[in-house]
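Me: Could you take a close look at one part of this structure with me? I'm a first-year student, so please go step by step and tell me how the pieces fit together.

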Amino acid sequence: MLARHIQYFLAVAEHLSFTRAAAALHVSQPALSQQVRQLEESLGAQLFDRSGRTTRLTDAGEVYLRYARRAAQELQEAKRAIHDVSDLSRGSLRVAVTPTFTTYLVGPLVEAFHSRYPSITLDVRELSQERMEELLVADLLDVGIAFEDVQAHDVEARPLLVETLALVVNERHSLATARSIGLEALSAQSLVLLSPEFATREQIDRFCQQHVIQPQVRMEANTISAVIEIVRRTTLSTLLPANIALAHEGLVAIALEPVRLQRTAALVRRKGAYQSAAVRVFIEVAMAVATRLEGA
């Protein structure tokens with residue numbers, strides 16, 4: 001009964017309308033109103049102000065909302081815990097990755113995981129780190145692969161691999177046979193870079209400012225696949241993780257010397273979240289795949 005009261009309260013708080021909340025829950029409005037009144041009576045406080053043209057939370061309702069959301073998360077975790085199967089004969093996993101990892105890490109990771117645990121369903125999404133952290137806090141994701149500098153207080157990061165960015169060119173480029181390039185020489189290169197909304201671009205710009213590099217940015221693109229295709233077909237080069245070049249035929253990664261542009265990729269999860277058997281083995285497989293990629 002308590003779970004239903006919380007569910008109904010949260011629906012009205014979300015929609016700020018008993019009519020819309022009832023429609024979303026597929027229940028009658030009188031039944032919904034009765035359940036909310038029962039909850040208010042049991043708490044000895046009014047949760048909604050119904051006096052105006054719109055329904056709104058009272059001060060007591062605002063306070064109760066924080067705890068109700070937390071309770072709803074706990075109830076969902078309890079449900080998953082009950083249905084968790086330790087022999088991994090079934091299960092599901094909600095995973096998110098930031099865009100750079102889609103290009104070279106997701107393929108080997110999903111291949112390794114699915115070959116070992118074919119009965120576990122994976123829901124893999126590509127998201128910005130900001131959105132990923134929001135969904136982790138809301139318990140709408142189980143695990144993410146992003147960077148260790150998390151912003152959300154309720155999200156924790158576990159280092160996965162150290163990613164090294166390099167100058168990436170096509171195999172016909174004049175520098176394709178070079179093993180490294182100096183930072184001064186980098187300023188002479190015509191580049192295509194990811195657009196500024198990407199964390200990767202922010203890191204590149206910061207690196208260039210720190211080392212007084214003035215990149216000649218001739219093009220920008222808002223997808224990694226577009227950047228890669230432009231590098232394939234033109235004389236432009238780019239700055240991307242070296243592993244991306246290794247994963248794509250016809251591309252070459254040239255190391256930056258003497259200072260390298262590196263960042264730490266991480267497995268991110270909500271602090272204190274229930275760790276199912278599926279999450280545990282996914283983390284194990286991810287760590288193994290990352291170790292293999294770092295050693296390549």
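**A salt bridge, and what lies beyond**

Reply: Let's start with a pair of side chains: Arg-201 forms a salt bridge with Asp-205, and their closest N and O atoms are 3.0 Å apart. Please keep in mind that this is a predicted model. Side chains of opposite charge can pair when their charged atoms come close. Both partners belong to helix α9, which covers residues 199–210, and because they are 4 residues apart there, about one helical turn separates them. How do they sit relative to the surface, buried or exposed? Arg-201 counts as buried, since its relative accessibility is 8% and the limit for buried is under 20%. Asp-205, by contrast, is partly exposed, at 27% relative accessible area. There is also a network elsewhere: Arg-94, Asp-139, Asp-142 and Arg-270 are joined into one by salt bridges that share partners.

The structure holds 13 salt bridges, so it is worth visiting a couple more. Asp-49 and Arg-56 meet through their side chains, with 3.1 Å from N to O. Asp-49 is buried, with a relative accessible area of 18%, while Arg-56 is partly exposed at 48%. Another salt bridge links Arg-125 to Asp-123, where the closest N and O atoms are 3.5 Å apart. In this pair Arg-125 is partly exposed, with a relative accessible area of 30%, and Asp-123 also counts as partly exposed, at 33%.

Now for a residue in a strand. Glu-163 lies in strand β6, which runs over residues 155–170. Glu-163 is buried, because its relative accessible area is 0%. Which side chains does the side chain of Glu-163 make polar contacts with? One is the side chain of Tyr-104, at 2.5 Å, and another is the side chain of Arg-263, at 2.5 Å. If you set aside the neighbours within four places in sequence, Glu-163 is in contact with Thr-100, Phe-101, Tyr-104, Phe-147, Pro-241, Leu-261, Gln-262 and Arg-263.

Finally, let's look at the empty spaces. Rolling a probe the size of a water molecule over the atoms shows where empty space is left. The structure holds 2 cavities of 30 Å³ or more, and the largest has about 60 Å³ of space. Its lining is made of 11 residues, of which Asp-139, Leu-141, Asp-142, Arg-269 and Ala-273 are the closest to the centre. You have already met Asp-139 and Asp-142, as members of the salt-bridge network. Helix α4 (59–83) and strand β12 (261–270) each supply at least two residues of this lining. Sorted by class, the lining of the largest cavity has 5 nonpolar, no polar and 6 charged residues.

The second largest cavity has a volume of about 40 Å³. Around it you will find Val-95, Val-97, Val-106, Leu-109, Val-110, Val-124, Ile-145 and Phe-282. Strand β3 (91–97) and helix α6 (106–116) are the elements that give two or more residues to this lining, and α6 gives the most, with 3 residues. What classes do the lining residues of the second largest cavity divide into? There are 8 nonpolar, no polar and no charged residues there, whereas the lining of the largest cavity includes 6 charged ones.

Note on methods. Residues numbered from 1 in each chain as written. Predicted model: local features only at pLDDT ≥ 70, side-chain atom pairs only at ≥ 80, totals over all residues. Heavy atoms only, no water. Buried < 20%, exposed > 50% of the residue type's maximum accessible area, 1.4 Å probe, protein only. Polar contact = N/O pair within 3.5 Å; in protein donor to acceptor, adjacent residues only side chain to side chain. Contact = heavy atoms within 4.5 Å. Salt bridge = Lys/Arg side-chain N within 4 Å of Asp/Glu carboxyl O. 1 Å grid on protein atoms, 1.4 Å probe; cavity = no way out; pocket = protein on both sides within 12 Å on 5 of 7 lines; lining within 4 Å. Points joined across faces, edges and corners; volume = space filled by probe spheres on them. Nonpolar A, V, L, I, M, F, W, Y, C, P; charged D, E, K, R; others polar.
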